[in-house]
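Welcome, and thank you for taking a look at this chain. Let us walk through it together, one region at a time.

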Amino acid sequence: MVTLPVKRGETSGEAVYFLIATALLDLVAILATAASHDPLFQFQGYIFIAAFTLGAFALTGGIFGGTLKSPQDKYSDGVIRAGVIATMFWGVAGMLVGCIIAAQLSFPRIFYFSDFGFLNFGRLRPLHTSAVIFAFGGNALIATSFWVVQRTCRARLFGGMLPWFVFWGYQLFICLAGLGYLVGITQSQEYAEPEWLTDLWLTIVWVAYLLVFLGTIWKRTEPHIYVANWFYLAFIVTIAILHLTNNAALPVSFLNHRSYSVWSGVQSALVQWWYGHNAVGFFLTAGFLAMMYYFIPKRAERPIYSYRLSIVHFWALIFIYIWAGPHHLHYTALPQWTQTLGMTFSVMLWMPSWGGMINGLMTLSGAWDKLRTDPVIRMLIVSLAFYGMSTFEGPVMSIRAVNALSHYTDWTIGHVHSGALGWVGFVTFGCIYCMVPWLWKKKSLYSNTLVEWHFWIATTGILLYITAMWVSGIMEGLMWREYTPQGFLAYSFVETVAAKHVENVVRLIGGVMYLTGFLIMIYNLVRTVGMPSSEPAELKANLAPAPLAIPAE
């Protein structure tokens, strides 16, 4: 049994500093909003004012009510519980918007709202991508990283109230970005839509996140740094570098929402896709691999198959992934040697990616029967299967000859969603199914049967979705390159759109099925939280360390 050093009672002194900082930020927001003549800047200002005012009231109540004091001999699990709830909330929001825009593509006459521009595809599509990636995925990463780093370091989260600032600051970023898209605040960059003020706020929150994570590792009582923490750290540091570089911009004024990127022309495209591909590589791959390296051994009650392979996997992945972005810019003004470099490193990514997949799968050696009896471990393992498929398909699509057919088509959409729904979604679901009974001190989930229903409905939805997009995308690519004997294009763009109506409907059905499975999960978790608590489960979950890997070699 592992215990933490006993220190009772966290003083509210730091809460006073947070209250002062919040009050000052609120004052700045009020003054800036009042001085601005830009309605969209004022809209952002009102969001800041509301957030800081609520924060100041909450801190004041906590200070005088004594609710901010907490024992130091336990892990900081309150912020993780909040992170799990936020993950579920934003997941439903993001997937629901995804179903709405899929319906708009399938039935544009029905789901086009001429009087409500903010409800149409151009505004909702970036809302969907950001909500699923940064709201759903980002909260899952923050919550699981706080769980894993404490258990593997045997230390309480660093920073006292700083983890709570990270959590609430990140929710404020999500609201600023998402509501901003609906009213038209965007710099129109894929995966980097928010304007300069929102980017600046995210930078502050992300630095705090890095400090919490590094500080916890620094004060660890376990000498070994488990490999999951290396993946989390790579994700946090690399995303910070990508964010600062790609979003470097000059605002029109400090009281105007609009800004202009410091990058222009082909340099802008190169930086954008260096950012865009590595946002996938480090946000949606490295961070979720960290989750895999902790929760699969934990759930399977087996050490990781090969600790040596996990280290090779880590270093190979981060060194190769960073160079793969230019494969998004085949047949553009980018120099061909740069395009070829991106393609080459993309193909090389097969090896480290599949090394990680094999390491996770082989962790079940001697425990394969758990796939039959435990639907949660099945969900985690199937997520690895989708990871392997996506990391095979991606390098294939990066090859110039294949890219000529696939780029700008629905094939790319299918590829992205096989990774997002199959890999990111399923590994997140599996991890949260693991954490909720531990966090709320329950003996088990409310119903494994509901997990089974979730698994099969969501899996069927994924398969319908990606199969429809493969068919649609290849058909699109072939129609776009078809010429008449006179040398003209055989099909207009609108004809290709009409030709894929059936595939769009199948995609909508697949998305609705996936959302339905997610709603079943939420019901299951709510009923789990409502079950009677179990003291032995509390001791096992809160004080036991992670299954530190013992190499199988």
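Which residue forms a salt bridge with Glu-222? The partner is Arg-154, and the closest N and O atoms of the two side chains are 3.2 Å apart. Before going further, please keep in mind that this is a predicted model.

Now see where these two partners sit. Glu-222 belongs to the loop between H6 and helix H7, which covers residues 227–246, while Arg-154 belongs to the loop between H4 and H5, so this salt bridge ties together parts of the chain that are 68 residues apart in sequence. Glu-222 has a relative accessibility of 9%, and because buried means under 20%, Glu-222 counts as buried. Arg-154 has another feature for you to find: its phi is near 55°, a positive value in a residue other than glycine. The loop that holds Arg-154 follows helix H4, residues 121–153, and leads to H5.

Stay with helix H4 for a moment, and look for Arg-151. Arg-151 forms a salt bridge with Asp-77, with 3.0 Å between the closest N and O atoms. This pair also links distant parts of the chain, since Arg-151 is in helix H4 and Asp-77 is in the loop between helix H2 (39–65) and helix H3 (78–106), 74 residues apart. Both Arg-151 and Asp-77 are buried.

Helix H4 also packs against a helix further along. How do two packed helices get described? They are described by the angle between their axes and the distance between those axes. For H4 and helix H8, residues 265–300, the axes come within 10 Å and cross at roughly 40°. An angle of this kind is neither under 35 degrees nor in the range from 65 to 115, and H4 and H8 are therefore oblique to each other. The crossing in which H4 passes H8 is left-handed.

Next, move to the two helices on either side of the following turn of our tour. Helix H5 spans residues 162–183 and helix H6 spans residues 196–218; they pack at an angle of about 155°, and their axes are 9 Å apart. Angles over 145 degrees count as roughly antiparallel, which is therefore how H5 and H6 lie to each other. H5 passes H6 in a left-handed crossing. Within helix H6 you can find Leu-214. Leu-214 has a relative accessible area of 38%, so Leu-214 is partly exposed. To get a feeling for distance, compare its position with that of Ala-35: the two residues are 179 apart along the chain, and their C-alpha atoms are separated by 39 Å.

Now turn to the later part of the chain, where the surface has something to show. Tyr-305, Trp-354, Ile-358, Met-362, Trp-368 and Phe-392 form a nonpolar patch there, with about 540 Å² of accessible area together. Which helix gives the largest share of this patch? That is helix H11, residues 350–362, which contributes three residues. Trp-354 is in helix H11, and with a relative accessibility of 34% Trp-354 counts as partly exposed.

From the patch, go on to helix H13, residues 375–398, and helix H15, residues 410–439. Their axes come within 8 Å and cross at roughly 155°. H13 and H15 are therefore roughly antiparallel to each other, and their crossing is left-handed. After H15 comes a loop that leads to helix H16 (448–480), and Lys-441 lies in that loop. Lys-441 is not a glycine, yet its phi is positive, at about 60°.

Helix H16 brings us to one more salt bridge. Arg-378 pairs with Glu-452, and the closest N and O atoms are 2.7 Å apart. Arg-378 lies in helix H13 and Glu-452 in helix H16, so the pair ties together parts that are 74 residues apart in sequence. Are these two partners buried or exposed? Arg-378 is buried, with a relative accessible area of 12%, whereas Glu-452 counts as partly exposed at 25%. Salt bridges that share partners also join Asp-410, Glu-476 and Lys-500 into one network. The count of salt bridges in this model comes to eight.

Definitions and conventions:
Residues numbered from 1 in each chain as written. Predicted model: local features only at pLDDT ≥ 70, side-chain atom pairs only at ≥ 80, totals over all residues. Heavy atoms only, no water. Patch = residues over 30% accessible without salt bridge, like charges linked within 9 Å, V, L, I, M, F, W, Y side chains within 5 Å. Areas by Shrake-Rupley, 256 points an atom, 1.4 Å probe, with all protein chains shown as cover. Salt bridge = Lys/Arg side-chain N within 4 Å of Asp/Glu carboxyl O. Helix = DSSP H or I, 4+ residues; strand = E, 2+ residues; numbered from the N terminus. Buried < 20%, exposed > 50% of the residue type's maximum accessible area, 1.4 Å probe, protein only. Axes fitted to C-alpha atoms, helices over the stretch in contact; angles between N-to-C directions. Left-handed = near helix turned anticlockwise from the far one by under 90°.
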